[in-house]
Amino acid sequence: MKVEVNPNLYQKEPFSSTLGIAIVQEGTRLIKELGLEHFTFKKLSQEIGSTEAAIYRYFENKHKLLLYLTAWYWGWMEHNLVFGTANLQDPAQRLELAIRLLSDGPIFQKNEYLNPIMLREIVINESLKGFLTKEVDHEHEAGVFAQVYKFGARIAEIISELNPSYKYPKTLVYTVLESSLLQSFNSQHLPGMTENSINSAERFKFFYQLVNKTIQNDN
């Protein structure tokens, strides 16, 4: 399944050509391996046997490529949520699955276009660099964060279904979304900021308890 990404993120649809596919697939691998700071279009062009000029025909800069990859990830996560909850009538079960997605990543871990597991590593380690910029307001207005907004909105709707009187479903969802990424980062790189024993199962348990207790005690 292909994820549709806001066209403001690219100059030319990358999946429209063999070169474009190579750019996003190899770009994903290189950003994961090198980090955004050390990743360049020159290095990418050498990997795919092309030119920097050819890459610029698809993406304005590496910042836009990063935003494209993170948007693709959140679009894929929305697909996971929709298909994973399709046969679940109980909103409590749907919320449990949503929190598991937030804490563990996608349940459908294979895709013929981009590698969701590799994308998750990029989102954990690099995604904050994508929107903590002076351009964020302009990018917000251009709709480049639509995928993460749609994913979060679906989870907020589940929370409102469970407790219609809870006033802050969206704030709660994005607090958990950002915190789950930071906890994953901290467990790998800053272990002094979390318990040494924490893993994906413990992260899920923590956020599951946090969300349920919060919406049950909303006074």
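## A tour from α11 to α6

Start by selecting Leu210, which lies in helix α11; helices here are DSSP runs (H or I, at least four residues), numbered from the N terminus. The model is predicted, so local features need pLDDT of at least 70 and side-chain atom pairs count only at pLDDT 80 or more, while totals for chains, interfaces and linings use all residues. Residues are numbered from 1 along each chain as its sequence is written, and side-chain values use heavy atoms, with hydrogens and water left out.

Leu210 is partly exposed, at a relative accessible area of 34%; buried means under 20%, exposed over 50%, and partly exposed in between (1.4 Å probe, protein chains only). Now add Gln147: the pair is separated by 63 residues in sequence and by 25 Å in space, C-alpha to C-alpha.

**Helix α9**

Extend the selection to α9, residues 146–162. Its 17 residues reach 25 Å from first C-alpha to last, close to the 24 Å expected at 1.5 Å a residue; the expected span is 1.5 Å times one less than the number of residues. Gln147 is one of its buried residues, which also include Phe151, Gly152, Ile155 and Ile159. The cover over the buried residues of α9 includes α4, α5 (91–104), α10 (169–189) and α11 (200–216).

**α4 against α9**

Select α4 (residues 62–84) together with α9: they pack at about 25 degrees, axes 7 Å apart. Axes are lines fitted to C-alpha atoms, for helices over the stretch in contact, and angles run from 0 to 180 degrees between N-to-C directions. That makes α4 roughly parallel to α9; under 35 degrees counts as roughly parallel, over 145 as roughly antiparallel, 65 to 115 as roughly perpendicular and the rest as oblique. For the contact (heavy atoms within 4.5 Å), show Trp74, Met77 and Leu81 of α4 with Val148, Phe151 and Ile155 of α9, which are among the residues that make it.

**α4 against α6**

Keep α4 and add α6 (116–126). The angle between α4 and α6 is about 120 degrees, with their axes 9 Å apart. That makes α4 oblique to α6. Among the residues that meet here are Leu66, Tyr73 and Trp76 in α4 and Pro116, Leu119 and Ile122 in α6.

**Helix α1**

Finish at α1, residues 18–34, where 17 residues reach 23 Å from first C-alpha to last, close to the expected 24 Å. Its buried residues include Ile23, Val24, Leu30 and Ile31. The buried residues of α1 pack against α2 (41–48), α3 (52–56), α4 and α6. Just after α1, select Gly35, which takes a positive phi of about 85 degrees.

Key
Helix = DSSP H or I, 4+ residues; strand = E, 2+ residues; numbered from the N terminus.
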